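Let us walk through this protein together, beginning with the whole chain and then stopping at a few residues. Please keep the viewer open as you read.

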Amino acid sequence: PDAEEDLWLVEMGTSSSYVKLYGNRIWGNFSYEGEDRRWDFDRRSDGLARYSAILKPDNSVDYYDFEGAKAGEQLAPSYHYTCRETD
């Protein structure tokens, strides 16, 4: 069983990728930013992503919450995960 704090990052192409958090699958967009892999999901009414998860080459993930952010605003990660690969 999944623990509530588990964040699953699933890469299945640019627009068919998703994250799974608290047992919920949330479809989003996947992209590369240099060596980082990025999942943007749950769009706001202005079209910007509400949340992002960025997987870094050291297998750490920075999770961002843009719910109240203004376009272009720089935010610190809301949470930092240490990853492990699963089958």
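What follows goes from the overall fold to single residues and their contacts.

A word before we start: the model you are looking at is predicted. Its secondary structure consists of 7 strands and 0 helices, so the order of elements from the N terminus reads β-β-β-β-β-β-β. The radius of gyration is 13 Å, close to the 12 Å that the globule rule gives for 87 residues, so the protein is as compact as a globular protein of that length. If you line the model up with its principal axes, the C-alpha atoms fill a box of roughly 35 × 25 × 25 Å.

Now consider how the chain packs. Of the 87 residues, 33% count as buried. Among contacts with a separation of 6 or more, 13% are between residues 24 or more positions apart. On the outside, the protein exposes about 6,000 Å², and carbon and sulfur atoms supply 46% of that area. There are 10 positive and 18 negative charges, and the mean positions of the two sets lie 5 Å apart.

A good place to zoom in is Ser52, in strand E5. Is this residue buried or exposed? Its relative accessible area is 0%, and because buried means under 20%, Ser52 counts as buried. Leaving aside neighbours within four places in sequence, Ser52 is in contact with Arg38, Trp39, Asp40, Phe41, Asp62, Tyr63, Tyr64 and Phe66. Two of these partners also meet Ser52 through polar contacts between side chains: Arg38 at 3.2 Å and Asp40 at 2.3 Å.

Next, follow the chain to the loop between strand E6 (60-65) and strand E7 (79-82), where you will find Glu67. With 40% relative accessibility, Glu67 counts as partly exposed. Which residues does Glu67 touch, not counting those up to four places away in sequence? They are Arg44, Arg50 and Tyr51. With Arg50, the side chain of Glu67 forms a polar contact of 2.9 Å. Tyr51 is 16 residues from Glu67 in sequence, and their C-alpha atoms are 7.3 Å apart in space.

Pro77 is also found in the loop between E6 and E7. This proline is partly exposed, at a relative accessible area of 37%. Beyond its neighbours within four places in sequence, Pro77 is in contact with Asp62, Tyr63 and Tyr64, residues that are also listed among the contacts of Ser52. Pro77 and Asp65 are 12 residues apart along the chain, with 7.5 Å separating their C-alpha atoms.

Finally, have a look at the backbone. Most residues other than glycine have a negative phi. Tyr22, which is not a glycine, has a positive phi of about 55°. You can find Tyr22 in the loop between strand E2 (17-21) and strand E3 (24-33), where it counts as exposed at 56% relative accessibility. Asn59 also has a positive phi, near 70°. Its place is the loop between strand E5 (49-55) and E6, and at 44% relative accessibility Asn59 counts as partly exposed.

Technical notes:
Residues numbered from 1 in each chain as written. Predicted model: local features only at pLDDT ≥ 70, side-chain atom pairs only at ≥ 80, totals over all residues. Heavy atoms only, no water. Helix = DSSP H or I, 4+ residues; strand = E, 2+ residues; numbered from the N terminus. Rg over C-alpha atoms; globule rule 2.2 N^0.38 Å. Buried < 20%, exposed > 50% of the residue type's maximum accessible area, 1.4 Å probe, protein only. Contact = heavy atoms within 4.5 Å. Areas by Shrake-Rupley, 256 points an atom, 1.4 Å probe, with all protein chains shown as cover. Lys, Arg positive; Asp, Glu negative; His and termini not counted. Charge placed at Lys NZ, Arg CZ, Asp CG, Glu CD. Polar contact = N/O pair within 3.5 Å; in protein donor to acceptor, adjacent residues only side chain to side chain.
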